[in-house]
Amino acid sequence: MKVTIYIPAALREFTDGRNEVSVEPSGATVAEALSALWNAYPGVRDRVLNEQDQVRQHINIFVGNENIRYTGGLTTRVPKNSQISIVPAVSGGQ
Amino acid sequence: MNEVLVLIGQVLGHCRVIAQIGEGGMGVVYRAYDEVLHRDVAVKVVKKSATPDISSRQNLLQEARASSSLAHPNICTIYDVGEIGGDLYIVMELVEGKSLHGLAGEMGLPPETVLRYGVQIASALARAHDRGIVHRDLKTANIVVTPEGLVKVLDFGLAKRVGGGILDAPTLSFSTVQDGSSMSGTLPYMAPEVLRGDAADSRSDLWALGVVLYEAASGRLPFGGRTGFEISAAIMREIPNPLGPPVPPGLWAIIQRCLAKEPMQRYQRATEVQAALEAVQSGGIAFPEAAEDRTAGPPRTTTMHSIRHVRIKKRDFVVLVGTNKGAFILRSNAQRRRWDVGGPYFHGHSVYAMAYDGRGDQRRIWASTSSFWGTLLRSSDDFGKSWTNPQQAPVRFPADTGTSLKNIWQITLGRAEEPDRLYCGVEPAALFESRDAGQNWSLVRGLFDHPHRPRWMPGNGGLALHTIVLDPSNQQRMYVGISSGGVYRTEDGGQSWTAQNRGIRALFMPEKYPEFGQCVHKIALHPARPERLFLQNHWGLYRSDDCGEHWTDIANGVPSDFGFPVVIHPRDPDCVYAVPVESEEFRCVCDGRLRVYRTRNAGASWEPLMRGLPQKQAYETVLRDAMTTDSLDPVGIYFGTRSGQLFGSNDEGKNWNRILGGLPSILCVRCAVVEDEGLGNVFPVSPKAPQQVSRKSNASHQSTKRKNKKR
């Protein structure tokens, strides 16, 4: 199964400039798709997850148009040929 | 035996006894059938010897009733209690499965199984502890795993009320014992405090959980011996043999913390153990390749294009400025009148900490950068032209802590004689140490495991360890400042720490002079008088002349004793600078007049320094790390404000100049003289150096290009 992962501009430094990466995960969850991404481009991992393997507070991960925060987090299932997007949250402040 | 024969076929309450299924420390267990609710149950008949008097029987009944309220999938439910012929009986859920003791065998279980069971046991303990019930006899023989893999903890709260020394085969012939009102349990699982005769509390259960996890992972008990005396001695004094692969370091760390001899040094709650086990579990299962990742790959370097860089020559003077939107590097010479500006580096990232490391052959700038994408420690060996951009965050909490890094507040160099030593103070409050010039970092456990830590409270800026002060005359002594935890000192190189806050007020606490919990803002030490410390507190300016043992109020003549930075003259240990602000509520300099206050008599009196500083409607704030002194003669002093203005004095504070304005909020200011012979070789290409203060108008476009260049 192939999954396409959209890479935001801030992380393309770690994906040889690619804005999309196609991976073939070993399983059907977001965690497994992301694992395949880390294997190919290890620098992305620590930008997206903290050291407790939780998605960083201000980073959102979408499967299609659904934010995985509301669909089971990293255990969310990824349908065939779907796109995962890594997107920094919109937030105001400083 | 007669007892068994008599009971089989009898009805206890509404349960008909069918067969004996076991015999344990408390009595005999039967399978029975509840004829009203039509379900199989277990009935434990407590031997008379276990409850020799009315009072102990009543206590057992009371405990059993309390435990019956523990509805939890990992706790064997108690349905009913009663008496028959003077014997007490307990009707409980019939759990069919194998004991964890039997499953662990002699080799132990695979780590992922231990984690899976451990999470469930910790969850059961958490529920019971929440209800004020302590197990007191947790052991692998009391834990049953069903064929579906569901863990059930048996006999909650019963041990304390049950006496007698009855053989309990599954626990290697060590029986549940109780020879007084407080000591109960099974010897190899007993916590040191229980052996000392103290009452067991929830943390004694967490000790037992550590023993259970150790046994489940290895098939061995952590504390052994041929006799009860030897086992007791091992529990009191010995460190268990380490568990290596396949037991992951995270699990071993959790077990070790459960097995801390002092209850205060263990996890304080079962939920913490559960979270830590889950963290190791998720790390290992969701991302199985993680361990390899963390050692793979060289550090990456990002070259900063389209940014003005400064060109550094021998004996140049640099000022490092960290702001909440990036970092700047300023260059001048010993006169410190004209400045070139490089940057901004790390567009949009908060830079809370910077440092210049000129020890040995180094000329390295350190910076911590924080953004949505996490916090990183980065360095540059060419004055900002390129920076490391590590694939893995070098400063990170171990999995077993259940904690993740929020920010790096302080980067402190080790002593001159330890050129590879570095320290980072971070949020949430913890100290990290590197002994290889920043390549690898480790959490200073002695401080992280301090029993006070659970009671430190976050200040306005978060719960941060923001100040690290090394005693140059004593390699074992170091101080840290924590908001809000106070001052802590180590005398053994970081292994153990004591709170050193005698005399420091904590106005926000019911007890105004507590042992710890003060909101210290900054500490300064002078190398010529290392026993003396100055401290700016959240309300209060203090001095200690005895390595922090006692503190004396020295706010003699300042308009307010609230403030953030305190810096010390490099050659005069009696000369200190501070910037008072009006109050906790209005954290701006008093009366809108920007004034630095100086004492030249160690705090006996203070004088304002203001020539060249705005004295009207200057509602400025200077943050704790946004002020520094240089080592030149005369001494220079530099500070930045939250409104983004950088001020400096090259004559010890007599006259001031605005060096730069319009920066983002300034978080930290550091400076250094570059003592280097070979800079021309390492910095061959540089943009045209400006003659006056200037920032390139198109400097806001930062593009980065990765280069696999090793330092």
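A residue counts as buried when its relative accessible area is under 20%. That cut-off is handy for strand E30 (residues 541–544) of chain B in this predicted model, because both faces of the strand pass it: B:Leu541 and B:Arg543 on one side, and B:Tyr542 and B:Ser544 on the other, are all buried. As a rule, side chains in a regular strand alternate between the two faces of the sheet.

E30(B) also has strand partners. Strand E29 (residues 529–537) of chain B pairs with E30(B) in the antiparallel sense, over 4 bridges. Within this pairing, B:Leu533 has B:Ser544 as its bridge partner. E29(B) and E30(B) make a hairpin, with 3 residues between them. In the turn sits B:Trp539, whose phi is positive, at about 70°. Strand E31 (residues 552–553) of chain B runs antiparallel to E30(B) too, joined to it by 2 bridges. Here B:Tyr542 is matched with B:Asp553 as its bridge partner.

Next come the two chains and the place where they meet. The size of an interface is often given as the accessible area lost when the parts come together. Between chain A and chain B, the buried area is about 2,700 Å², and carbon and sulfur atoms give 46% of it. A trio on chain A stands out: A:Glu13, A:Glu51 and A:Gln52 supply 27% of the area that chain A buries against chain B, more than any other three residues. In terms of residues, the contact takes 30 from chain A and 35 from chain B.

What holds for charged pairs across this interface? The count between chain A and chain B is 1 salt bridge. B:Arg396 forms a salt bridge with A:Asp46, and the closest N and O atoms of this pair are 2.6 Å apart. Polar contacts across the interface come to 13 residue pairs, with both residues at pLDDT 80 or more. On the side of chain A that touches chain B, helix H1 (30–40), helix H2 (45–48) and strand E5 (83–88) each supply at least two residues. H1(A) gives the largest share, 5 residues. Sorted by class, this side of chain A has 14 nonpolar, 8 polar and 8 charged residues.

Over all chains, the structure holds 41 salt bridges. One of them joins B:Glu35 and B:Arg16, with the closest N and O atoms 2.8 Å apart. This pair ties together distant parts of the chain, 19 residues apart: B:Glu35 lies in the loop between strand E3 (27–34) and strand E4 (39–46) of chain B, while B:Arg16 belongs to strand E2 (residues 15–23) of chain B. B:Glu35 has a relative accessible area of 35%, so it is partly exposed. B:Arg16 also counts as partly exposed, at 35% relative accessibility.

Other salt bridges are made by buried residues. B:Asp630 and B:Arg336 meet through their side chains at 2.8 Å, N to O. Along the chain these two are 294 residues apart, B:Asp630 in the loop between E36 and strand E37 (637–640) of chain B, and B:Arg336 in the loop between strand E14 (326–332) and strand E15 (340–345) of chain B. Both B:Asp630 and B:Arg336 are buried. B:Asp137 forms a salt bridge with B:Lys139, the closest N and O atoms being 3.5 Å apart. B:Asp137 has a relative accessible area of 6%, so it is buried, and B:Lys139 is buried too, at 0%. Salt bridges can also join up into a network, as they do for B:Asp471, B:Arg477, B:Arg489, B:Glu491, B:Arg502 and B:Glu549.

Two single residues round off the picture. B:Asp625 lies in the loop between strand E35 (607–609) and strand E36 (627–629) of chain B. Is this loop residue buried or exposed? Its relative accessible area is 3%, so B:Asp625 is buried. Its side chain makes a polar contact of 2.7 Å with the side chain of B:Arg670. Leaving aside neighbours within four places in sequence, the residues in contact with B:Asp625 include B:Trp409, B:His466, B:Lys522 and B:Cys668.

B:Ala128 is found in helix H4 (residues 111–130) of chain B. With a relative accessible area of 0%, B:Ala128 is buried. Not counting residues up to four places away in sequence, B:Ala128 touches B:Leu70, B:Ile133 and B:Phe156. The C-alpha atoms of B:Ala128 and B:Ser67 are separated by 7.9 Å, although the two residues are 61 apart along the chain.

Methods. Residues are numbered from 1 along each chain as its sequence is written. Chains are lettered from A and ligands numbered from 1 in the order in which they are written. Side-chain values use heavy atoms; hydrogens and water are left out. Buried means under 20% relative accessible area, exposed over 50%, partly exposed in between (1.4 Å probe, protein chains only). A polar contact is a pair of N or O atoms within 3.5 Å; within protein, one must be able to donate a hydrogen and the other to accept it, and residues adjacent in sequence count only if both atoms are side-chain atoms. Contact means heavy atoms within 4.5 Å. Buried area is the accessible area (1.4 Å probe) that two parts lose on being put together, summed over both. A salt bridge is a side-chain nitrogen of Lys or Arg within 4 Å of a carboxyl oxygen of Asp or Glu. Ala, Val, Leu, Ile, Met, Phe, Trp, Tyr, Cys and Pro count as nonpolar, Asp, Glu, Lys and Arg as charged, and the others, Gly among them, as polar. Two strands pair if DSSP finds at least two bridges between them.
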